[in-house]
Every structure is written in C-alpha cells, then in structure tokens.
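Q: I would like to go through the internal spaces and the helix packing of this model. Could we take it step by step?

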Amino acid sequence: MSATLKAMLWMFGSIASFSTMAVAGREVASELDTFEIMMFRSLFGVIIVLIIAAWAGTLNQVNTGNMRLHLARNLAHFTGQNLWFYAVTVIPLAQVFALEFTSPLWVIVLSPLILGEKLTLMRAVAAVMGFIGILIVARPDMAGINGGVVAAASCAIFFALSIMLTKRLTRTQGITCILFYLTAMQLIFGIIAAGYDGDIAMPSVQALPLVILIGAAGLLAHFCMTNALALAPATVVVPIDFIRLPAIAIVGMLLYNEAIDVWVFAGAAVIFAGNYLNIWSETRVKT
C-alpha cells in the first residue's frame, strides 16, 4: 500500500472523529460555553495521551524542542476550534463544514510559503473540485450572514495554519509529543479563557459522558490527521477531508431534521471525483 493510500485511511478515521465531536459539542452547548467545552476536552485529552503513551512506551518522545512552533500551532488551533464549536450550535452542521472546508484553499495557497511544498496542477484541480462540490452540497446563503457564518468562515483560516504548522512539527517531533502539547497547552488556554470571569460551569451527570466523548474524539481526530500528514503532503491530505461534508449532512438530517436533498449527493460525487483523481495521480507518481 502506498503512503498516499495509507494517509487516506488515516483521514477516514479523522472524518469519523470530527463528525462525532460536532454532534457531542452541539448536545452539551446548552450547559457549557465554548471555552468550557475546550477546557474539559483538553483535560480529558491530556489524561488519555498520558495513559496511552505510558502504555505504548512513547513518553520519551515528549521534549521541549520547537516550543515556539508548538505554541503558534496550538494558539491557531484553539482559536479556530472555539469558533467552530460556536458555529455548530447556531447554524446547520452541513453549512459549518462547508465554510470550514475553505481551509484547503488556504493550505494550497500558503503551503508553498510555509512548508515549501510544490503546488502541482493536479493538487490544485482536486482542491477546486472539492470546493465546487461543497458549494453544490451546502449552497451557503451569503445574504443571511450572521455570527455563526462568520465564525465558521473564520475558523477555516486558523485550521489551515494549524494544519501547516502540524506538518512542520512532524518533521522533527513524534506524534506523542505533538498530541501532548496539543492537549496540555490548550488546557491552559481553556482555563484562562473559561475562568476569566471567575465562573467555570461543571458538566452535569448527563453531559459528562458527552464531554469525555468530545475529548476522546478530538484527540483521535488529531492522531489520525497527524499520521496522515506524516505520510503525505498537506495538499494531498487535506482535500480528502472533503468527504466529511456529505457524511455530516446525513447526520444532521437524521438527528436534527436538517434539510437534505439530491444536491448533497451531486456535490458528494464531485468531491469523491476530485479526491480519487488526486489520489490516483499521487499514487501513479510514486510508482
């Protein structure tokens, strides 16, 4: 199996985890604000990372190298994630993901500058096809701009920065180290942001399992994405995430009665075609 195909399989795990986190985040939003959700998510994430790393014997990967890069990466991700959690509570899930998925366009534009990766014609075509598919699926109504739309659109920029900085970290840092600082730094950010007013809400007995699920799903999503980025260029990995849109559109329909129509499947076909074309091209070049 080529590295590109392995990266694709890791991204499928990331897609399932991010979708689970979106549903759980919407369910607990009535009790916790976004800063509190991020704080508890990171708390459980730190615990899970330490347990798994101790079991796997990879705690020795954690070091103090590239701390500025870790800090920049996690500030970008913390900002984007808070905007994302807010957006999933106020606008349809498919619309959130559609606007979030403009991040591959930012990755493609910025990765030659930040990562030094080559922008090939096929990668650009795949990204554009994915974005066209997203517009077909969600058809966001820009005439009705609100806070949720602005938050979802803005989080894409911060996620793109986070993805590219993660890719840079994979060159010198192990996955355990990246995930440890992801959870530890964002726990600190969450405590500061959630506690600035002196009032931090605690999850109820009913909400606690969902908060734990958010922490586990978020960590698993980043574990899968980090593995994918370690195997293939960011301009290859990120467009695969487009598949998350038709998946979450179906979830939104089943759980929240959010509208879905034939255009969702038409857009999904374009997304799949773009991803298949990109994966086929990368695999052919490798062989």
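Q: Which residues line the second largest cavity?
A: In this predicted model, the second largest cavity is lined by Met38, Arg41, Ser42, Gly45, His77, Leu182, Thr183, Gln186, Gly215, Gly218 and Leu219.

Q: What helices supply at least two residues of that lining?
A: Helices α2, α8 and α9 each do so. The largest share comes from α2, with 4 residues.

Q: And how does the lining of the second largest cavity divide by class?
A: It has 3 nonpolar, 7 polar and 1 charged residues. The space in this cavity is about 70 Å³.

Q: How many cavities of 30 Å³ or more does the structure hold?
A: There are 2 of them. The largest cavity has a volume of about 220 Å³. Of the 19 residues that line the largest cavity, Phe18, Glu100, Phe159, Ile163 and Met225 are the closest to its centre.

Q: What is the make-up of the lining of the largest cavity?
A: Its residues comprise 8 nonpolar, 7 polar and 4 charged. At least two residues of this lining come from each of α3 (67-90), α7 and α9.

Q: Moving to the largest pocket, what is its volume?
A: The volume is about 320 Å³. The largest pocket is lined by 14 residues, and Ile52, Ile175, Thr176, Leu179 and Phe223 lie nearest its centre.

Q: How many charged residues are in the lining of the largest pocket?
A: There are no charged residues in that lining, which divides into 11 nonpolar and 3 polar. Helix α2 gives the largest share, 5 residues. Helices α2 (34-56), α8 (175-194) and α9 (208-231) each supply at least two.

Q: On to packing: at what angle do α4 and α7 cross?
A: The axes of α4 (residues 93-100) and α7 (residues 147-169) cross at roughly 40° and come within 7 Å. The angle therefore makes α4 oblique to α7.

Q: Which residues meet there?
A: From α4, Gln95, Val96, Leu99 and Glu100 meet Val149, Ala152, Ala153, Cys155, Ala156 and Phe159 of α7. By class, this contact of α4 with α7 has 8 nonpolar, 1 polar and 1 charged residues.

Q: Is the crossing of α1 and α11 left-handed or right-handed?
A: The crossing of α1 and α11 is right-handed. Helix α1 (residues 3-28) packs against α11 (residues 244-256) at an angle of about 35°, with the axes 10 Å apart.

Q: What residues form that contact?
A: In α1, Ile15, Phe18, Ser19, Val23, Arg26 and Glu27 meet Arg244, Ile248, Val251, Leu255 and Tyr256 in α11. The contact of α1 with α11 has 7 nonpolar, 1 polar and 3 charged residues.

Definitions and conventions
Residues are numbered from 1 along each chain as its sequence is written. This is a predicted model: local features need pLDDT of at least 70, side-chain atom pairs count only at pLDDT 80 or more; totals for chains, interfaces and linings use all residues. Side-chain values use heavy atoms; hydrogens and water are left out. On a 1 Å grid over the protein atoms alone, a cavity is a set of points where a 1.4 Å probe fits but cannot get out, and a pocket is an open set with protein on both sides within 12 Å along at least five of seven lines; lining residues have an atom within 4 Å of a point. Grid points are joined across faces, edges and corners, and a volume is the space filled by probe spheres set on the points. Ala, Val, Leu, Ile, Met, Phe, Trp, Tyr, Cys and Pro count as nonpolar, Asp, Glu, Lys and Arg as charged, and the others, Gly among them, as polar. Axes are lines fitted to C-alpha atoms, for helices over the stretch in contact, and angles run from 0 to 180 degrees between N-to-C directions. Angles under 35 degrees count as roughly parallel, over 145 as roughly antiparallel, 65 to 115 as roughly perpendicular and the rest as oblique. Contact means heavy atoms within 4.5 Å. A crossing is left-handed if the near helix is turned anticlockwise from the far one by less than a right angle, and right-handed if clockwise.
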